[in-house]
Amino acid sequence: MMIDKNFNYQLSKDADQDLDSIFDYTEKEHSFDQAIKYLSEIEETFFQIASSPNLGKERVELKRGIYSLQVNYHLVFYKIHSDHVLIVRVLHGRRDLPKFIK
């Protein structure tokens, strides 16, 4: 798949809520600074995915057309569209993934 240099990403409502939860948990358990650092690492992964969508692994066992890429303890789930990548969910690797990927 040929990717335009201006290829970008969009967050689903679920992914946005996932990020809020990750931030809140990390801030509570570690610190505000650590929460900022961790979300920055996750966001950097979004940019990597947007520039190279095929970095991730297709997750046909969960749903056709869904890809994932790991960032620390979390998995970024996404769909590749013609002009952007849609970040579907950002879930901890220990979650019951099939339950959360619709």
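The paragraphs below go through the sheet, the two helices set against it, and the nonpolar cores of this predicted model.

The sheet is open and has 5 strands in the order 1-5-4-3-2, with mixed pairing. Strand 1 and strand 2 (57-58) are at its edges; each has a single partner strand, so one side of each lacks a neighbour in the sheet. Strands of a sheet pair through backbone hydrogen bonds, in either the parallel or the antiparallel sense. Here, strand 1 (residues 8-11) pairs with strand 5 in the parallel sense over 4 bridges, and one such pairing sets Gln 10 against Leu 86 of strand 5. Strand 4 (residues 74-80) runs antiparallel to strand 5, and 7 bridges join them. The two form a hairpin with 3 residues between them, and Phe 77 is opposite Arg 89 in strand 5. Strand 3 pairs with strand 4 in the antiparallel sense over 5 bridges, with Tyr 67 opposite Tyr 78 in strand 4.

Strand 5 (residues 84-92) deserves a separate look. How many of its 9 residues are buried? The count is 7, so strand 5 is largely enclosed by the rest of the structure. In the sheet order 1-5-4-3-2, strand 5 stands between strand 1 and strand 4.

Next come the helices. Helix 1 (13-29) has 17 residues and reaches 24 Å from its first C-alpha to its last, close to the 24 Å expected at 1.5 Å a residue. Its buried residues are Ala 15, Asp 18, Leu 19, Ile 22, Phe 23 and Thr 26. They cover an arc of only 135 degrees around the axis, which puts them on the same side of helix 1. The spacing follows a general rule: an α-helix has 3.6 residues a turn, so residues three or four places apart point the same way. On the other side of helix 1, Lys 13, Tyr 25 and Lys 28 are exposed. The buried residues of helix 1 pack against strand 1, helix 2, strand 4 and strand 5.

Helix 2 (residues 32-51) has 20 residues, which should span 28 Å at 1.5 Å a residue; its end C-alpha atoms are 29 Å apart, which agrees. Which residues of helix 2 are buried? They are Ala 35, Tyr 38, Ile 42, Thr 45, Phe 46, Ile 49 and Ala 50. Their arc around the axis is only 140 degrees, which puts them on the same side of helix 2. The cover over these buried residues includes strand 1, helix 1, strand 3 (67-71), strand 4 and strand 5.

The helices and the sheet meet in the largest nonpolar core, which has 18 residues. Within this core, Ile 42, Phe 46, Val 76, Tyr 78, Ile 87 and Val 90 touch the most other members. Helix 1, helix 2, strand 3, strand 4 and strand 5 are the elements that give two or more residues to this core. Helix 2 gives the most, with 5 residues. Ile 42 illustrates the packing: leaving aside its neighbours within four places in sequence, Ile 42 is in contact with Leu 19, Ile 22, Val 71 and Val 90. Apart from this core lies another, of 6 residues, among them Ile 66, Leu 75, Phe 77 and Leu 91.

How values were computed:
Residues are numbered from 1 along each chain as its sequence is written. This is a predicted model: local features need pLDDT of at least 70, side-chain atom pairs count only at pLDDT 80 or more; totals for chains, interfaces and linings use all residues. Side-chain values use heavy atoms; hydrogens and water are left out. Buried means under 20% relative accessible area, exposed over 50%, partly exposed in between (1.4 Å probe, protein chains only). Two strands pair if DSSP finds at least two bridges between them. The expected span of a helix is 1.5 Å times one less than its number of residues. The arc is that of the directions from the helix axis to the C-beta atoms. Contact means heavy atoms within 4.5 Å. A nonpolar core is a set of buried Ala, Val, Leu, Ile, Met, Phe, Trp, Tyr and Cys residues joined through side-chain atoms within 4.5 Å.
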